[in-house]
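Dear colleague,

Please find the structure below, together with its sequence. A short account of the findings follows it.

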Amino acid sequence: MLRTLSRVSELPIIVKQLQKNAAQAGVAKTNNYATEATVQVNRPFKLHRLEEGPETTVKLTKDEALKYYTQMQTIRRIETAAGNLYKEKIIRGFCHLYSGQEACAVGMKAAMRDVDNIISAYRVHGWTYLMGVPPLGVLGELTGVQSGCARGKGGSMHMYCPNFFGGNGIVGAQVPLGAGVALACKYKGNGGMCLALYGDGAANQGQVFEAYNMAYLWKLPVIFVCENNNYGMGTSAERASCNTDYYTRGDALPGIWVDGMDVLAVRSATEFAIKYVNEQGPLVMETNTYRYSGHSMSDPGTSYRTREEIQEVRQKRDPITSFKELCIELGLITTDEVKAIDLKVRKEVDEATAQAKNGTELPVSHLWTDVYSNNLEPKLRGTNGYDIDHIQERKGVNH
């Protein structure tokens, strides 16, 4: 085995320990159930070039508990559906699943404001949903049909929607783009910032460090987020990086390490980071998480790690199960409410899956529609030997 179980499940959080250590008290109660509770972050934050860090004691309301659980469960169901569609050869090409990492996206989104932006790599089905695209828009895009968020033109690696600048297929390429989005925020003076997400496998890209440098010099409001799921494409982080403390690799940039399997810890860290980058400039945040699937659907994910390791993480650190049990223990969610959410999510995703499977593709003539957001010329540029008029339909989600 390329890495030890103790490294993957460092300071393992079993559910009972999490409940005992995290729950303090419900502040207000209705029908013997809490409407708000105080929660202690279990795994401490690690700081680089920071004297103070995120809050370790956070508030959680009943509405927030219901929302976060629903969002994480929906992402898990979407990814399960996507995996099945790929196996049925209905989804073609690449398909990278986010199962196991749901707390990262949901925690970050919980801290974001309307003026904030996010850009990521290709593991973005969950982010697309969180940023406003319904499950059908995600699954339809995966299957290449008109109900997709980009009308089936983008597929798995190129989803987008307002304030979400998409998934990017080139390893690490989104990081300097994220710095550019942050520059736009600073230029416009709208108080917004950008989350630029990348994985541990992309952390050694030269353009990542170039983006760090430029963002630091210009004091850009950007949070560079390394979603460290412990493995790149076919190998462990230890075999690919001489320094796996990714939150320290910004050199002069401050950094935060956060347990990426704890949605509340991620939310707290992101809230801190947003305030910091808007006042001081860029920051690196590492969310230590775990992917259950392979790097992509073509990777079985078990040639460089054991099935026992994956199972141990599922049993002891699963972000959805841990959060559900915590909320039940706190009295914020009842088991009946959990069942109702699970049933609703399953129904919505199953219906979206059926529609995505039976959807229709765009006709060939639509290949040259909406190529430009703001068309300044009547013809498509660069189509040598062809005389093609640009057609503006404005039917994508960004229109």
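Seven residues of domain 1 are in contact with seven residues of domain 2. Please bear in mind that this is a predicted model. The two parts come from the domain assignment of the protein chain, which places domain 1 at residues 40-362 and domain 2 at residues 367-398. Taken over C-alpha atoms, the centres of domain 1 and domain 2 are 32 Å apart.

The size of an interface is often given as the accessible area lost when the parts come together. Here, domain 1 and domain 2 bury about 590 Å² between them, and 50% of this area is on carbon and sulfur atoms. Which residues of domain 1 supply 69% of the area that it buries against domain 2? They are Arg151, Lys153 and Tyr160, and no other three residues supply more.

Arg151 appears again among the charged interactions. One salt bridge is counted between domain 1 and domain 2. Arginine 151 forms a salt bridge with glutamate 393, and their closest N and O atoms are 2.7 Å apart. Across the interface of the two domains, two residue pairs are in polar contact, both at pLDDT 80 or more. By class, the side of domain 1 that touches domain 2 consists of five nonpolar and two charged residues, with no polar ones.

A further search covered aromatic rings, and it finds seven aromatic pairs in the whole structure. One of them joins tyrosine 212 and phenylalanine 224 in an edge-to-face arrangement, with 5.0 Å from centre to centre and 65° between the planes. Tyrosine 212 belongs to helix α8 (residues 206-218) and phenylalanine 224 to strand β8 (residues 222-228), so this pair ties together parts that are twelve residues apart in sequence.

Yours sincerely,
A colleague

Notes: Residues numbered from 1 in each chain as written. Predicted model: local features only at pLDDT ≥ 70, side-chain atom pairs only at ≥ 80, totals over all residues. Heavy atoms only, no water. Domains from an automatic or database assignment. Contact = heavy atoms within 4.5 Å. Buried area = accessible area lost by both parts, 1.4 Å probe. Salt bridge = Lys/Arg side-chain N within 4 Å of Asp/Glu carboxyl O. Polar contact = N/O pair within 3.5 Å; in protein donor to acceptor, adjacent residues only side chain to side chain. Nonpolar A, V, L, I, M, F, W, Y, C, P; charged D, E, K, R; others polar. Phe/Tyr/Trp six-rings, centres within 6.5 Å; stacked < 30°, edge-to-face > 60°. Helix = DSSP H or I, 4+ residues; strand = E, 2+ residues; numbered from the N terminus.
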